[in-house]
Amino acid sequence: MTVLRLDPAEARRLAVRAQLLDAPRPADLLAVVRGLTLLQIDPIAAVAPSADLILWSRLGRAYRPAQLQLALERDRTLFEHNAMVRPMEDLALHLPAMAAWPAREAPREWLRANDRFRRDVLERLGAAGPLLSREIPDTSAVPWRSTGWTDSRNVTQMLEFLMLRGEVAVAGRRGRQRLWDLAERVYPAGTPVLSPEEAHRRRTARRLRSLGIVRAGAPGTPAEPLAVGEVGVEAAVEGVPGTWRVDPEALGRPFAGRTVLLSPFDRLVHDRARIRDLFGFEYTLEMYKPRAARRWGYFALPVLHGDRLIGKVDAAADRRSGTFTVSAVHEDVPFPPSTAEAVQEQLEDLAAWLGLRVSRGG
């Protein structure tokens, strides 16, 4: 089999185009989520909630967070599942995995021991949903034991498990807290039934299309793996060891880049090994490090310029003072004046979108 040969610039451009970070910008919210296949939800909002920041990076100031809420709660064009927002049209690709969950014995055993509790939760939601977790009584027979934050949080754990098996769904949010309801009242009727094999094949193809280029055998996470198997074509990148899988439909397209600030959870930079190999870019999210051990900042925003990742911005939104405080702009290589100007324009644009003014901190 012939192995496709790519130079590093084309490999980078495949990744940037696939993530809708080239020019021109995509048209609307649904187009973005379709292209990316998912938005990761994370509670850290040093600048803005990650899903909103990712959408701003694609749509610019035209995007408003209320649009995401409407798409999830009123229009139902998107759905939230396992801390990811996905297009509702992709629901069929995930239902077989829900039907097969859980594979591990510990949750199976806990659900068996708490079958009455499970039915109580479903009955309460059926009668009064959507509800917050605190509005559902804990009737568990056996508490959930964990070394993590869910230890003895039995209602939350039951809801999480019932979500993973497709019996309940996130119907919306009250502030940052999830509202739960029966899945049949959130997911549309008539969703196609796919075999597990067909669903897996389509999900894998969608994943490769959204990333453009993936290292063969990349692991990812249980919630969203990176591996794409034999989908796409095999490729080698000049000067980079190992093999890759590439979306063949993305090859040969023209490229026009732009300058943009990214969330640390952005899918372009999510795979740290990939950005090191393809972009020569070193990045670590440092919010869990002591202040003295940080090189770039608590929630440093990677800077994309054309097809290169060129630096990090240490910034935070201070809504009490009305400022978007930029403590430092870390240049991986010295910025020429035109690049420095483009980065400054993005800082001003992000601050304006947040309704804040730029302030230089130290």
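Start the tour with the open sheet of five strands, ordered S10-S11-S12-S13-S14 with mixed pairing. Next, colour the two edge strands, S10 (259-261) and S14 (357-360): each has a single partner strand, so one side of each is left without a neighbour in the sheet. Turn the view slowly and follow the twist, which averages 35 degrees from one strand to the next. Keep in mind along the way that this is a predicted model.

**Inside the sheet**

Strands of a sheet pair through backbone hydrogen bonds, either parallel or antiparallel. Both kinds can be found here, as the pairing is mixed. For the antiparallel kind, select S11 together with strand S12 (residues 308-318), where five bridges join the two. Zoom in on Leu-304 and you will find its bridge partner in S12, Leu-309.

For the parallel kind, move to S13 and S14, which pair over four bridges. Show Phe-324 here, and look for Val-358 of S14 standing opposite.

**The helix across the sheet**

Now select helix H12, residues 337-354. This helix has 18 residues and reaches 26 Å from its first C-alpha to its last, close to the 26 Å expected at 1.5 Å a residue. Which strands does H12 lie across? The helix lies across S10, S11, S12, strand S13 (323-331) and S14, and runs at about 45 degrees to S10. Trace the chain through S13, H12 and S14 and you have followed a right-handed β-α-β unit.

Display the side chains of H12 next. Its buried residues include Val-343, Leu-347, Leu-350, Trp-353 and Leu-354, and polar ones such as Gln-346 and Asp-349 are also on that list. Just after the helix comes Gly-355, with a positive phi near 75 degrees.

**Arg-25, a neighbour of Gln-346**

Gln-346 leads to the next stop, since Arg-25 touches it. Select Arg-25, in the loop between helix H1 (8-18) and helix H2 (29-36). Is this residue buried, partly exposed or exposed? Arg-25 is partly exposed, with a relative accessible area of 33%.

Leaving out residues up to four places away in sequence, Arg-25 also touches Trp-56, Ser-57, Arg-58, Leu-59, Gly-60 and Arg-258. Two backbone oxygens are worth labelling: the one of Ser-57, which the side chain of Arg-25 reaches at 3.4 Å, and the one of Arg-58, 3.2 Å from a polar atom of that side chain. To get a sense of scale, draw a line between the C-alpha atoms of Arg-25 and Leu-159, which are 38 Å apart in space and 134 residues apart in sequence.

**Glu-10 in helix H1**

Step back to helix H1 and pick Glu-10. With a relative accessibility of 19%, Glu-10 counts as buried, because the cut-off for that class is under 20%. Its side chain joins that of Arg-17 in a polar contact of 3.3 Å. Beyond residues up to four places away in sequence, Glu-10 touches Arg-17 and Gly-252.

**Last stop: Glu-286**

Finish in the loop between helix H11 (272-279) and strand S11 (301-305), where Glu-286 has its place. How buried is Glu-286? Its relative accessible area is 1%. Show the residues around it: apart from neighbours within four places in sequence, Glu-286 is in contact with Ala-293, Arg-294, Arg-295, Trp-296, Gly-297 and Tyr-298. Among these, pick out Trp-296, whose backbone nitrogen lies 2.8 Å from a polar atom of the Glu-286 side chain.

Terms used. Residues numbered from 1 in each chain as written. Predicted model: local features only at pLDDT ≥ 70, side-chain atom pairs only at ≥ 80, totals over all residues. Heavy atoms only, no water. Buried < 20%, exposed > 50% of the residue type's maximum accessible area, 1.4 Å probe, protein only. Polar contact = N/O pair within 3.5 Å; in protein donor to acceptor, adjacent residues only side chain to side chain. Contact = heavy atoms within 4.5 Å. Expected span 1.5 Å × (residues − 1). Pairing = 2+ DSSP bridges. Axes fitted to C-alpha atoms, helices over the stretch in contact; angles between N-to-C directions. Right-handed = clockwise from strand over helix to strand, strands pointing away.
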